[in-house]
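Q: Please take a close look at the aromatic rings of this model. Which residues form one aromatic cluster, and how are the rings in it paired?

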Amino acid sequence: MGSELSLFNLFVNAGLTVKLILLILLMASVLSWMIIFDRSRVLKRARQAAEIFEHRFWSGGDLSALYRDLGQSEVSSSGLASIFRAGFKEYVRLRKIEPDDTMAVIAGAERSMRVALSREMDRLDANLSVLATIGSIGPYIGLFGTVWGTMNAFYALGNLQQATLAVVAPGISEALISTAVGLFAAIPAVVGFNRYVDQVERMHNRYEEFMEEFSTLLQRQGHQ
């Protein structure tokens, strides 16, 4: 009995429509796990890079030297380093053009940092919408497979003279497997989406706080 109700046997004995639904859900599950592992790696690196950069930035060293050092490093293309470089580059450029208008210089630097922040957010939350989609529609796709399989099971029963539980159960089990696989694909996607949205929001707040502190620092330098 156990072997008859194995997932493999249920898949093999299912109809073509249910098989296609199961394949779609399995591919969606594989895709969601790939995104989950990828976002975990990207966000972990972003946190580590932010800690390293903040340690260097607040160590009191020369900002021009930090800007040059970051220009020779790969980490300058992302995270706080990219926001700092965008703001400091624009600050230096505008100081040469409008040395007496400190507020205009700071506003220009902040705009550049906003652009860099937007790019960084796009990088961090990439593919999270795919997780949300799998998490929201996975159960419905599975439910569709169950409804379709149940309809076929009852249609087949109509051709029998006598319907018993032993005859009905296999067909219902084949139908219910798509709901189970739909939940199997959706639950990790929902958990991953909620977890990474929270982490991206925390990183956004961290970047925003740095931008405010850096702008204040540039203002003090501009008035000196």
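A: The following account describes the aromatic cluster and two of the ring pairs in it. The model is a predicted one. One aromatic cluster is formed by F53, F57, W58, Y67, F84, F88, Y91, F210 and F214. A pair of aromatic rings is described by the distance of the centres and the angle of the planes. Rings count as a pair if their centres lie within 6.5 Å, and by this rule the count comes to 14 aromatic pairs.

One of these pairs joins Y67 and F88, with 5.6 Å from centre to centre and 45° between the planes, a tilted arrangement. Because Y67 belongs to helix α3 (residues 63–71) and F88 to helix α4 (residues 79–97), this pair ties together parts that are 21 residues apart in sequence. F88 has a relative accessibility of 6% and therefore counts as buried, the cut-off for buried being under 20%.

Another pair is made by F84 and F214: the ring centres are 5.2 Å apart and the planes stand at 50°, so this pair is tilted. It links distant parts of the chain, since F84 lies in helix α4 and F214 in helix α7 (residues 165–222), 130 residues apart. F84 has a relative accessible area of 0% and is therefore buried. F214, at 0% relative accessibility, likewise counts as buried.

A charged group also meets the cluster at Y67: the charged end of R85 sits over the ring of Y67, 4.3 Å from the centre of that ring. Y67 is thus both a partner of F88 in a tilted pair and the residue whose ring lies under the charged end of R85.

How values were computed: Residues numbered from 1 in each chain as written. Predicted model: local features only at pLDDT ≥ 70, side-chain atom pairs only at ≥ 80, totals over all residues. Heavy atoms only, no water. Phe/Tyr/Trp six-rings, centres within 6.5 Å; stacked < 30°, edge-to-face > 60°. Helix = DSSP H or I, 4+ residues; strand = E, 2+ residues; numbered from the N terminus. Buried < 20%, exposed > 50% of the residue type's maximum accessible area, 1.4 Å probe, protein only. Lys NZ or Arg CZ within 6 Å of the ring centre and 35° of its normal.
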